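Here is a walk through one protein model, from its overall build to single residues. Please keep the sequence and the 3D view at hand while reading.

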Amino acid sequence: MTQLIDRTQLNTVMTGWDARLQLGFIERDGKTILAKKAHSGPLTIQKCLYPEGPTPAHVLVIHPPGGVAGGDRLALDFSLAKAAKSFITTPGATKWYKSAGREASQTLHIEQADHSLLEWFPQENIVFDGADVTLKTQVKLSQYAHFAGWDISCLGRQASGEQWQQGRYKQVLEISREQRLLWQETAVFKPDSHVVTALAGLRGFPVFGSFVVTAGEVPDAVIEQCRQITVNSDAQYGVSALPEVFTARYIGSCAQEARQYFEQLWACLRPWYANSQAIRPRIWAT
């Protein structure tokens, strides 16, 4: 029996998904509340959870297809009102499939009012051989807002022995405070790019990640504590601090190792920037 596909479904198959998610958080009587939620396409959340008490609100962003194909476009928009606090993560790795000549993309736009805190800790991106991907994150902070976020990427499916031999992977991160640029970086990777093998680049490692916190000057004692954290492999890693930005890097062979390293850093940093201990979400254990 032949299954018929209507015009809308056919257009989606040919051009990819347009998926959008808008979340707006406010603070009310000491509790962070999800006051706005709008979504279209295959991008949504589970309900807010409060494992730490009335704040922060923990949110799990879900992309039901489980992977992003060529032509798919994901757009996320998070806004935090004054004093709102949220912790946002994902249930598993995001898989970026072979693109078949079409770019797949994700844009994330964040706006935060004074005394708000957003922690954006998604699980890793797995870039399949032949994927063409652009990720862009833009964070706009008010004078006294704090942001902490990381990204971890794996070029090729290492668990199945797949090598990344064709495709493109682009990342853009911009963070500004009161329209003043605090942090900007752009990286474009292709299998034949010198940056993939260079000592000043990935050094031939398939996994890399960055962890950034913009919460003012980091105390010397916190920096020293972070520098005591080690990784038992040949991975390259380290931390540094500018007057307004803390950053950590990992380059190695294992996405799980990268996340474990960042989680240990988070345990050191969170008492400083959030005045609370790091509480690991249950979803990270599944």
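Helices and strands are DSSP runs, of at least four residues for a helix and at least two for a strand, and they are numbered from the N terminus. In those terms, Ala84 sits in the loop between β6 (73-80) and β7. The model is a predicted one, and the residue Ala84 will come up again below.

First, the whole protein. Its secondary structure amounts to four helices and 18 strands. The radius of gyration is 19 Å, close to the 19 Å that the globule rule gives for 286 residues, so the protein is as compact as a globular protein of that length. Measured out along the principal axes, the C-alpha trace spans about 65 × 45 × 35 Å. Of the 286 residues, 49% count as buried. How do contacts relate to distance along the sequence? Among contacts between residues at least 6 apart in sequence, 71% join residues at least 24 apart.

Now back to the loop between β6 and β7, where Ala84 is placed. Is Ala84 buried or exposed? Its relative accessible area is 0%, and buried means under 20%, so Ala84 counts as buried. Leaving aside residues up to four places away in sequence, Ala84 touches Phe25, Ile26, Glu27, Thr32, His115, Ser116 and Leu117. With one of these, Phe25, the C-alpha separation is 6.1 Å, although the two residues are 59 residues apart along the chain.

His115, one of the residues that Ala84 touches, lies in the loop between β9 and β10 (117-121). At 43% relative accessibility, His115 is partly exposed. His115 also has a positive phi of about 65° although it is not a glycine. Asn275 is another residue with a positive phi, of about 55°, and it is not a glycine either. Asn275 belongs to the segment after α4 (255-273). With a relative accessible area of 70%, Asn275 is exposed.

Strand β7 holds Ser86. The relative accessibility of Ser86 is 1%, which makes it buried. Which residues does Ser86 touch, not counting residues up to four places away in sequence? They are Phe25, Pro56, Ala57, Val59, Leu80, Leu117, Leu118 and Glu119. Phe25 and Leu117 are thus in contact with Ser86, and Phe25 and Leu117 are also touched by Ala84. The C-alpha atoms of Ser86 and Ile33, 53 residues apart along the chain, lie 9.1 Å from each other.

Pro56, in contact with Ser86, is in the loop between β3 (44-45) and β4. The peptide bond that leads from Thr55 to Pro56 is cis, with omega near 0°. Pro51 is found in that loop between β3 and β4 too. Pro51 has a relative accessible area of 51%, and exposed means over 50%, so Pro51 counts as exposed. A separation of 8.3 Å is found between the C-alpha atoms of Pro51 and Ile279, which are 228 residues apart along the chain.

Next comes a pocket. Rolling a probe the size of a water molecule over the atoms shows where empty space is left. In this protein, the second largest pocket holds about 290 Å³ of space. Of the 14 residues that line this pocket, Leu49, His58, Pro281, Arg282 and Ile283 are the closest to its centre. Which elements give two or more residues to the lining? They are β4 (57-62) and β7 (85-89). Strand β4 supplies the largest share of the lining, three residues. By type, the lining residues of the second largest pocket divide into nine nonpolar, three polar and two charged.

The last stop is strand β9 (residues 104-112), where His109 is found. His109 has a relative accessible area of 19%, and the limit for buried is under 20%, so His109 counts as buried. The side chains of His109 and Glu111 are joined by a polar contact of 3.0 Å. Not counting residues up to four places away in sequence, His109 touches Leu76, Asp77, Phe78, Gln138 and Lys140.

Note on methods:
Residues numbered from 1 in each chain as written. Predicted model: local features only at pLDDT ≥ 70, side-chain atom pairs only at ≥ 80, totals over all residues. Heavy atoms only, no water. 1 Å grid on protein atoms, 1.4 Å probe; cavity = no way out; pocket = protein on both sides within 12 Å on 5 of 7 lines; lining within 4 Å. Points joined across faces, edges and corners; volume = space filled by probe spheres on them. Nonpolar A, V, L, I, M, F, W, Y, C, P; charged D, E, K, R; others polar. Buried < 20%, exposed > 50% of the residue type's maximum accessible area, 1.4 Å probe, protein only. Polar contact = N/O pair within 3.5 Å; in protein donor to acceptor, adjacent residues only side chain to side chain. Contact = heavy atoms within 4.5 Å. Rg over C-alpha atoms; globule rule 2.2 N^0.38 Å.
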